[in-house]
Amino acid sequence: MHIPDGFLSLTICVLMYAASAGFLVWSWKKAKNAYSSSVTPLLAVSSAFVFAAQMINFPILYGTSGHLVGGTFLAVLLGPYVAILSMTIVLMMQALIFADGGLTTFGANVFNMAIIGGLSYFIVKSFTRESKSSNRFFLSVFAASWISMVLGALACGLQIGFSPIFSEAGGVAVTVPAMLFWHILIGLGEATITATLLTQLKRMPSTLLSSFTVLRGGLE
Amino acid sequence: MNGHVKALILILVCLAALIPFASGDPDGLEKVAETLGVEETESLSSGLMPDYTVPTVENAYGSTLAAGFIGVFLVLGATLLLGKTITKHDKQ
């Protein structure tokens with residue numbers, strides 16, 4: 001779902017940069033001093049995992065592939081604000097070093113993956129409520145990560161559909177359904193991986209997560 | 001060994017094992033562009049390691065693996081710095 005340079009009109013690029021910048025400032029303020037420094041290793045290792053996982057495309061259907069985005073994964077581990085910041089770093093490395101996602105479209109990519117992904121924390125939270133049931137946790141994470149993928153695809157479909165290069169091909173009336181179709185399917189992969197991993201991690205009596213409250217204590 | 005170091009090693013091992021199985025098919029957005037006849041233009045910057053390859057490494061697997069490992073450590077370094085910057089420093 002990384003939008004390359006050239007797909008979006010200048011106006012949309014600027015708008016998405018502005019929207020993402022606003023969310024990033026907000027996340028920075030919320031995240032600053034929210035955690036003790038013992039969280040830093042988990043933050044770094046989970047972000048490194050997301051980078052690695054994004055390299056492994058899995059086949060979907062008819063010669064199309066998808067890969068984990070990992071926004072919900074980071075959001076449940078790190079909380080929404082830190083997740084937004086660390087996902088932005090992953091996307092920045094991809095755009096700057098690996099030419100995966102454009103520079104002009106970076107604002108849009110941050111919005112579609114980092115911000116929507118990070119905010120999916122609140123979907124998980126509203127589904128789990130106070131429950132400690134691990135089935136409910138699995139299903140909540142499954143639903144939230146699927147929804148975040150589909151919403152990201154919807155945003156992407158709108159952004160490209162309103163840009164001139166796609167308007168000749170039919171604009172949003174075509175791009176939105178097409179993006180949704182593929183990402184409804186890719187989202188099932190995202191949801192399965194995210195829910196399985198997080199349920200396993202939650203079960204671990206590990207020192208890895210001992211410093212951590214978001215996942216440990218259920219979602220506050 | 002520290003749990004985080006173990007997790008990092010596991011990530012690198014899994015990455016090395018899974019790269020050969022990664023699908024080279026277009027992803028959702030690339031497929032949509034392809035279907036609609038929209039061609040990708042030259043990107044503004046091709047980066048140091050375009051498409052997750054190290055240009056100087058000829059072997060395809062080795063090239064992607066090297067790019068992946070470098071990327072993992074770049075992300076790790078940058079997010080350690082992020083963590084250092086935003087977290088509270090325990091005064092003890």
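Here are four exercises, each with a worked solution, on a predicted model.

**Exercise 1. Take stock of chain A: which elements does it have, and in what order?**

Start with the count: chain A has nine helices and two strands. Next, follow the sequence, and the pattern reads α-α-β-β-α-α-α-α-α-α-α. Now turn to overall dimensions. Along its principal axes, the C-alpha trace of chain A spans about 55 × 35 × 30 Å. For a compact globule of 220 residues, the radius of gyration would be near 17 Å, and chain A agrees with 17 Å. To finish, look inside: 56% of the 220 residues in chain A are buried. Contacts in chain A between residues at least 6 apart in sequence join residues at least 24 apart in 74% of cases.

**Exercise 2. Find A:Ala195 and decide: is it buried or exposed?**

First, locate the residue: A:Ala195 sits in helix H8 of chain A, which covers residues 172-203. Second, count its surroundings: 24 other C-beta atoms lie within 10 Å. The cut-off for a buried residue is 20 or more, so A:Ala195 is buried. Third, list the residues that A:Ala195 touches, leaving out those up to four places away in sequence: A:Phe138, A:Val141, A:Phe142 and A:Ser145. Finally, pick one of these, A:Phe142. Its C-alpha atom is separated from that of A:Ala195 by 5.1 Å, although the two residues are 53 apart along the chain.

**Exercise 3. Describe the side of chain A that touches chain B: which element gives the most to it?**

Begin with the totals: 60 residues of chain A are in contact with 50 residues of chain B. Then see where the chain A residues come from. Elements supplying at least two residues each include helix H2 (40-54), strand E1 (58-61), helix H4 (80-97) and helix H6 (134-161). Of the elements in chain A, H2(A) gives the most, with 11 residues. Last, sort this side by class: 39 residues are nonpolar, 19 are polar and two are charged.

**Exercise 4. Check the length of helix H3 of chain B, then ask what covers its buried residues.**

Helix H3 of chain B runs over residues 60-86, which makes 27 residues. At 1.5 Å a residue, the expected span is 39 Å; the end C-alpha atoms are 39 Å apart, so the two values agree. Now for burial: the buried residues of H3(B) include B:Leu65, B:Gly71, B:Val75 and B:Ile86. Their cover includes helix H1 (10-31), H2 and H4 of chain A, together with helix H1 (3-18) of chain B.

Terms used
Residues numbered from 1 in each chain as written. Chains lettered and ligands numbered in written order. Predicted model: local features only at pLDDT ≥ 70, side-chain atom pairs only at ≥ 80, totals over all residues. Helix = DSSP H or I, 4+ residues; strand = E, 2+ residues; numbered from the N terminus. Buried ≥ 20, exposed ≤ 12 C-beta atoms within 10 Å, placed from the backbone. Contact = placed C-beta atoms within 7 Å. Nonpolar A, V, L, I, M, F, W, Y, C, P; charged D, E, K, R; others polar. Expected span 1.5 Å × (residues − 1). Rg over C-alpha atoms; globule rule 2.2 N^0.38 Å.
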